[in-house]
Amino acid sequence: MPTLSFWGAAGSVTGSKYLIESDRARVLVDCGLFQGPHELRDRNWQEPPFNAAAVNSVLITHAHIDHTGYLPRFVRHGFRGPVYCTHGTAELMRILLPDSARLQEEEADYRNRHKVTKHLPALPLYTEQDAREALKLLQVVPNNGTETKVARDITAEFRVAGHILGSSQVLVHVNSGSGPVAVLFSGDLGKYDQPIIRDPAAPPACDYLLIESTYGDRLHDTEEPKAALERIINDAAQHGGAILIPAFAVGRAQEIVYFIRELEEEKRIPILPVCVDSPMAAAATRAYAKDREEQDDEYAEALKRTPTPIQTRRMLACNTRDESKRINGMQGSRVIISASGMMNGGRVLHHALRLLPDENATVVFVGYQAGGTLGRRVADGEKQVKVLGQWIPVRCKIEKIGGFSAHADWKEVIRWLEGMPSAPRKAFVTHGETGSAEAMAKHIRERFGWQVEVPQYGERVDLV
Ligand SMILES: [Zn+2]
């Protein structure tokens, strides 16, 4: 009898890993890195709870590190099979996995130099070379519901999830001796009507459903992010102030540029220099702009007016450090979009050093700021912060835009589930903090009356 076991994103939002085993095959859905608290991150270092060499293939729902970042380590543990994903996911993994490896190497280096390690020398979880080895295993599949054989007795269909470029929901068919069983993995579900990429495709019928619950107990802010950007940019332009937007390089940076381009076209804001100061964001923008299969109708309309919808009138991309420094010397109103999104590293720190003490500047937060990050301290209104080893005063204006999100909130998840042709035998709520997952389970029970469970880490269920 086939089984399904939960080895990540069960009771947490990171480390997504689900194992399907039949009599003759083993397939892993997502191969994510655990992030956040120590107890979770330690799992990245432990032996995998199942034999990596015995897994036939890996299916990836989307490129975010909490869904892919364990893959290089998994390959080190002996996995050699194909890794199936969509074209957009492969493009983004080629940007994100080597970057994740560099961060691992930098962290090990830091521990060695500062002797904050129990093991000397501290080693990285994996290296850039490991990441390159993992990327060799990628096999691209279409994101349109086409059935692909991924192991003996097991096939999979990928459909648009609307979360980031290339993101998919994955339907896995197991055809072993005990009869066919279909398991649908929602992956991370996007919001409806996001710019650039398509809305989530309707879910196909399945026997078992895994549904994410990042926003299982929350609804999105009602202020439209585009209107908020309009207000903030006009306000800053009036007094010649700079605007700094710390943003994730993949997804968020492209959305912001897309909205600014629209606002410029609609003459709702003045044309300002817009600097995207992140080589990773520039690479991700190329991937978003190239992938016609993933773009929505609105993007196709925009293409009739401009060949570059993810570009503003006066946009400067900064690939080198010198180009980045040149932005620092600029005066007057300008928009600087820079990573990391929580100001806990990267080029954004150089801009923070200069702009946080400037009372004419505005810092705009467009995403969640985790505890302990510089972004969180500034967003919380601290008047003195330490940036690159220096204490500086915070005198700039602080703005927050709550409406940006790559995740469906609970009402949008319900809306998506309403498109399901028939009730699954059971739904498993995953990818949420405990309170959030329980709340999502309650919403589904109340709306549909389905049997719903919140699985624990390591739990195994029979697919009967
Ligand atoms: Zn994601």
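This section walks through the zinc site, two open sheets and a set of enclosed elements in a predicted model.

A good place to start is the metal. The zinc ion is held by four side chains: H62 through NE2, H64 through ND1, H163 through NE2 and D188 through OD, at 2.2 to 2.4 Å. Along the sequence, these donor residues follow the spacing H-x1-H-x98-H-x24-D. H62 sits in the loop between β4 (57-59) and α2 (65-68), while D188 belongs to the loop between β10 and β11, so this pair ties together parts that are 126 residues apart in sequence. The geometry deserves a note for anyone planning to set up the site: the 4 donor atoms subtend angles of 89 to 171 degrees at the zinc ion, and the arrangement is therefore irregular. A tetrahedral assignment would need all angles to lie between 85 and 135 degrees. Two of the ligands can also be placed with respect to the surface. H62 is buried, with a relative accessible area of 0%, and D188 is likewise buried, at 2%.

Two open sheets can be described next. One has 7 strands with mixed pairing, in the order β6-β5-β4-β3-β2-β1-β22. Its edges are β6 (138-140) and β22 (460-462); each has a single partner strand, so one side of each lacks a neighbour in the sheet. On average, neighbouring strands here are turned by 25 degrees against each other, direction ignored. Within this sheet, β1 (residues 3-6) and β2 (residues 18-21) run antiparallel and are joined by 4 bridges, with L4 standing opposite I20 of β2. Helix α4 packs on the sheet through contacts with β5 (83-85) and β6, and its direction makes about 150 degrees with that of β6.

The other open sheet is also built from 7 strands in mixed pairing, ordered β7-β8-β9-β10-β11-β20-β21. Here β7 (144-151) and β21 (452-453) are the edge strands, and because each has a single partner, one side of each is left without a neighbour in the sheet. Strands β11 (residues 208-212) and β20 (residues 426-430) run parallel and share 5 bridges; in β20, T430 is the bridge partner of E212. Helix α13 (residues 410-417) packs on this sheet, touching β9 (168-176), β10 (179-185) and β11, with its direction at about 155 degrees to that of β11. Helix α14 (residues 434-448) packs on the sheet as well, in contact with β11, β20 and β21, and its direction makes about 150 degrees with that of β20.

Strand β15 (residues 334-338) offers a view of the interior. 5 of its 5 residues are buried, so the strand is largely enclosed by the rest of the structure. Both faces are covered, with R334, I336 and S338 buried on one side and V335 and I337 on the other. In a regular strand, side chains alternate between the two faces of the sheet. Strand β12 (residues 242-246) pairs with β15 in the parallel sense over 5 bridges, and A242 stands opposite R334. Strand β13 also runs parallel to β15, joined by 4 bridges, with D277 opposite S338.

Strand β13 (273-277) reappears in the surroundings of helix α8: the buried residues of α8 pack against β13, α4 (87-114) and α7 (252-265). Those buried residues are A281, A282, A283, A284, T285, A287 and Y288. As a simple check on geometry, the 12 residues of α8 (residues 279-290) should span 16 Å at 1.5 Å a residue, and the end C-alpha atoms are 17 Å apart, which agrees.

Definitions and conventions: Residues are numbered from 1 along each chain as its sequence is written. This is a predicted model: local features need pLDDT of at least 70, side-chain atom pairs count only at pLDDT 80 or more; totals for chains, interfaces and linings use all residues. Side-chain values use heavy atoms; hydrogens and water are left out. Two strands pair if DSSP finds at least two bridges between them. Contact means heavy atoms within 4.5 Å. Axes are lines fitted to C-alpha atoms, for helices over the stretch in contact, and angles run from 0 to 180 degrees between N-to-C directions. Donors are N, O and S atoms within 2.8 Å of the metal (3.2 Å for Na, K and Ca); water is not among the atoms, so sites may look incomplete. Four donors count as tetrahedral if all angles lie between 85 and 135 degrees; four count as square planar and six as octahedral if opposite donors are over 155 degrees apart and all others between 65 and 115; anything else is irregular. Buried means under 20% relative accessible area, exposed over 50%, partly exposed in between (1.4 Å probe, protein chains only). The expected span of a helix is 1.5 Å times one less than its number of residues.
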